[in-house]
Amino acid sequence: MAEPVTLTIDGKSVTVPAGTLLIEAAKQVGIEIPSFCYYPGLSLQGACRMCVVAIEQMPKLQTACTTVAANGMVVYTQTEEVANARKAMLEFVLTNHPLDCPVCDKGGECELQDAVFRYGAAESRFLESKLHRDEQKFSNLVYYDRPRCILCYRCIRVCDEGIDVNALGIGSRGAHSAIIPNRDDHLECEECGMCIDICPVGALTSGTYRYQTRPWELTYTGTICNHCGDGCKTTLSVRNNKIIRANNRDHSGINGEFLCVKGRFGWDFVNSRERLKAPLLRREGGLQAGSWEEALTLSVERLKEILAHHGPESLAVIGSNHTTNEENYLLQRLARTVLGTNNVDHHRTADYASLVAALTQANADDRYATMQDVFAASSILLIGNDPTHQHPLLAYQLRQAVRQHGTHLYILNSSEIKLGRQAHLYLKAKSGGEAAAVRALAGIETPAAGLVDGGENALAEFRDKFAKEADTVIIFGDEIQGETVSHLVRWGLALPRQARFVALGDYANSRGAADMGLLPGVLPGYQPPAEAAVRQHFESLWETKLPTSPGRNLREILAGIDSGDIKGLVVFGSNPIKTFQVSAETLKKLDFLLVTELFPTETTAAHVVLPATSFAEKSGTVTNTCGQLQALKQTMRRVGTRSDLDILLTLARLFGQSWPYHSADDVLREIIAQVPGYALGLPSLLIGQAVSTQPKGTPPPLERSDLVFSARDSLFTSGTVSRYSWALNSVDEAKKPHGHIY
Ligand code: SF4
Ligand code: SF4
Ligand code: SF4
Ligand code: FES
């Protein structure tokens, strides 16, 4: 590795790694050099000349964004010559740029406005008429205003290098140059809005935000996107109790500036008029609005009746992949200590329990990979899944890792996925054959010639090359579950270099639902109640006896409803009719069905429906698919709704329990104390950092394979809520066949 270099910038000495650009070296000593076309992580353009600096012994000014720092260099960023050059460049940029800051979306947060304020001339010498062109609608979500464009090419590069879509280009020449979309007059792309976010001026604007407000009229709250399992940090901008925009404003968190179309635009379901606004009770003539008191009292009465007549085994609870860790923790406690049953489960989209079991057994609970590890690894093995659709941030991280430091991406998949463009080696399994191919890789199954395209030779080449890699992250989707996870982990841990692991689950808190014990066979932290010490500990903590039955999993709960054994069902934020394709007739067999939801769904044809708050209206924590815990912060209020946490605390009180919690923070403190791997630093969480968890536990083996399955959402779908997003449904791309690649 080359020696670091030491140079002087504006009289300050700075030592930086060899190869560092002057613009980045200056940042190390707190000196900001203005720039338009430069953007960290993207290729260099050298187009705008705003970043010019004077360097001793060089006859002309140099661009700091393309000049590499060298030993002994003496750099000046604030001389009169530099200031005059910047002023001249700004005058040039402003020859055609309209001075419409008072009506421009970017006004108040525009890089050009800031630069002109600092370096620009007070008057313009340009008297000729400007080249006008009407604003163009590239898509429902992306608009382009040619006269405002300063041709910095950031949008083209982020779409090409960051998103790998190449939807933008440059058309015409000279003063007539303009950004053009890939389909003559419109865009066909992933609609991520990264080009809007990265545009330094108001040339690219958002279809959901444009002309709605000014940035200083908004209140900003940093929270976590509630769609997929990647856990992007996002700033929700709110005015008059309504979300107006989402972007990761300060670029902090695990995703930097990245958000996909769901995170950037798909929050509008929160504002939907179709949200449930009042509790609904089934009366003569169907569901009718009632008060919270009526609904909660009736629910407790009916559940008590069922308990009295049929016992706790006649009750069951289904939890959510979106509710917070605190809510999930309380929900399983309600099931076990109030209703007295282990019949509790949720839609499992990844086999996290098998990964925890395998790593615990191998004494390797430090081998969970974070989103940052994915970016930093020298090699990655991606098995199954299609991250472009199901895990857009992960896909972005993988592309950046390959592009920026040559990470070798190995893919094992039975389908063609877009990330194949970045693959170092692609092993194509036969349809649905990922698990068999993994067992063959691990030497468990004799590699039959028909397992992968190319047969045994291809498999052997893949295994041999991968085994020679330095550190690696092994990432797998729902295709790998149960025993196959153990084989994969054992094989990965036996590789000569360090391997870390990620299991990919679909939704914002899929991981947290499993970690908090929304599973029949385990308490929070994958601790089996069948073990005497575990049982005694929780019985003493919760001051009550725990149920002794093994509990029914989701398939068994549904079968129990069909057979009449399960009489009462409590569903928090889940839609089993749609997800598990249960017939509505099955749920009609229940004596009592209580559902908490945001919207009417197939499952809300219940006896009592409680309108729940969305992610934007409550606080708590969620755990992303890599096990990184992050804080959800309340952004706004929604009249008529209550959080699942409030609902659970009230239900427990009405059942005569005196739980020691008054807020999500009280529950979090118990989680930190009781859930192995969650003993983390609260301050880091409170300042908006992602904190890694490392669960350790001995869950029982996966009972059956149809318990773990991904919903295979596309870039434009997200379970129930995306049905109520105008933005996600408004773009033509959402109508393309699932898995379509741009
Ligand atoms: S929205 Fe995303 S995919 Fe579409 S052009 Fe912009 S950067 Fe490219
Ligand atoms: S649209 Fe924005 S990002 Fe793209 S070239 Fe113009 S000014 Fe730069
Ligand atoms: S990648 Fe996932 S978490 Fe990130 S913005 Fe998209 S949907 Fe949200
Ligand atoms: S920022 Fe250096 S030339 Fe544009």
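**Entry 1: ligand 3**

I sorted the shell around ligand 3 by class and got eight nonpolar, three polar and one charged residues. This is a predicted model, and I keep that in mind throughout. Then I wrote down who is there: Cys-225, His-227, Cys-228, Gly-231, Cys-232, Phe-258, Leu-259, Cys-260, Lys-262, Gly-263, Pro-392 and Leu-393 surround the ligand. I also looked up which elements give two or more residues to this shell, and found helix 6 (261-265) and helix 12 (392-405).

**Entry 2: ligand 2**

Next I turned to ligand 2, which has 14 residues around it. Cys-149, Cys-152, Tyr-153, Cys-155 and Cys-199 come nearest. The classes here are 13 nonpolar, no polar and one charged.

Tyr-153 made me stop for a second look. Its phi is near 70°, a positive value in a residue other than glycine. I placed Tyr-153 in the loop between strand 7 (142-144) and helix 4 (154-162). Is Tyr-153 buried or exposed? Neither quite fits: its relative accessible area is 24%, so I noted Tyr-153 as partly exposed.

**Entry 3: another positive phi**

I found a positive phi at Glu-191 too, about 55°, although this residue is not a glycine. Glu-191 belongs to the loop between strand 9 (178-181) and helix 5 (194-198). With a relative accessible area of 1%, Glu-191 falls under the 20% limit and therefore counts as buried.

**Entry 4: the largest pocket**

How much space lies in the largest pocket? I read off about 800 Å³. The lining has 40 residues, and the closest to the pocket centre are His-322, Tyr-507, Thr-579, Gly-719 and Thr-720. Helix 19 (576-579) and strand 24 (592-597) each supply at least two lining residues. By class I have 11 nonpolar, 22 polar and seven charged residues in the lining.

**Entry 5: aromatic pairs**

My count of aromatic pairs came to 12. I worked through two of them.

How do the rings of Tyr-410 and Phe-466 meet? Their centres are 5.1 Å apart and their planes stand at 70°, so I logged the pair as edge-to-face, the label for angles over 60 degrees. The pair links distant parts of the chain, with Tyr-410 in strand 19 (residues 408-413) and Phe-466 in helix 14 (residues 455-467), 56 residues apart. I checked the accessibility of both partners. Tyr-410 is buried at 1%, and Phe-466 is buried at 2%.

The second pair is Phe-580 with Phe-709: the ring centres are 5.5 Å apart and the planes are at 90°, so this pair is edge-to-face as well. Here I had to look in loops. Phe-580 is in the loop between helix 19 and helix 20 (584-588), while Phe-709 is in the loop between strand 28 (691-692) and helix 24 (726-730), 129 residues apart. Phe-580 has a relative accessible area of 8%, so I marked it as buried.

I also noted one aromatic cluster, formed by Phe-269, Phe-599, Phe-615 and Tyr-724.

**Entry 6: charges over rings**

Which ring has the charged end of Arg-210 over it? I found the ring of Tyr-143, with the charged end 3.7 Å from the ring centre. A second case turned up at Arg-245, whose charged end sits over the ring of Tyr-209, 4.4 Å from its centre.

**Entry 7: two spot checks**

I picked Gln-390 and found it in helix 11 (residues 387-390). Its relative accessible area is 6%, so Gln-390 is buried. I then took the C-alpha separation between Gln-390 and Phe-466, the ring partner of Tyr-410. The two C-alpha atoms are 25 Å apart, with their positions 76 residues apart along the chain.

My last pick was Pro-660, in the loop between helix 21 (644-654) and helix 22 (664-674). Is Pro-660 buried or exposed? I got a relative accessible area of 54%, over the 50% limit, so Pro-660 goes down as exposed. Its C-alpha atom is 9.7 Å from that of Leu-649, and the two residues are 11 apart along the chain.

Technical notes: Residues are numbered from 1 along each chain as its sequence is written. Chains are lettered from A and ligands numbered from 1 in the order in which they are written. This is a predicted model: local features need pLDDT of at least 70, side-chain atom pairs count only at pLDDT 80 or more; totals for chains, interfaces and linings use all residues. Side-chain values use heavy atoms; hydrogens and water are left out. On a 1 Å grid over the protein atoms alone, a cavity is a set of points where a 1.4 Å probe fits but cannot get out, and a pocket is an open set with protein on both sides within 12 Å along at least five of seven lines; lining residues have an atom within 4 Å of a point. Grid points are joined across faces, edges and corners, and a volume is the space filled by probe spheres set on the points. Helices (H or I, at least four residues) and strands (E, at least two) are DSSP runs, numbered from the N terminus. Ala, Val, Leu, Ile, Met, Phe, Trp, Tyr, Cys and Pro count as nonpolar, Asp, Glu, Lys and Arg as charged, and the others, Gly among them, as polar. A residue is near a molecule or strand if one of its heavy atoms lies within 4 Å of it. Rings of Phe, Tyr and Trp (its six-membered ring) pair if their centres lie within 6.5 Å; planes under 30 degrees apart count as stacked, over 60 as edge-to-face and the rest as tilted. Buried means under 20% relative accessible area, exposed over 50%, partly exposed in between (1.4 Å probe, protein chains only). A charge sits over a ring if NZ of Lys or CZ of Arg is within 6 Å of the ring centre and within 35 degrees of the ring normal.
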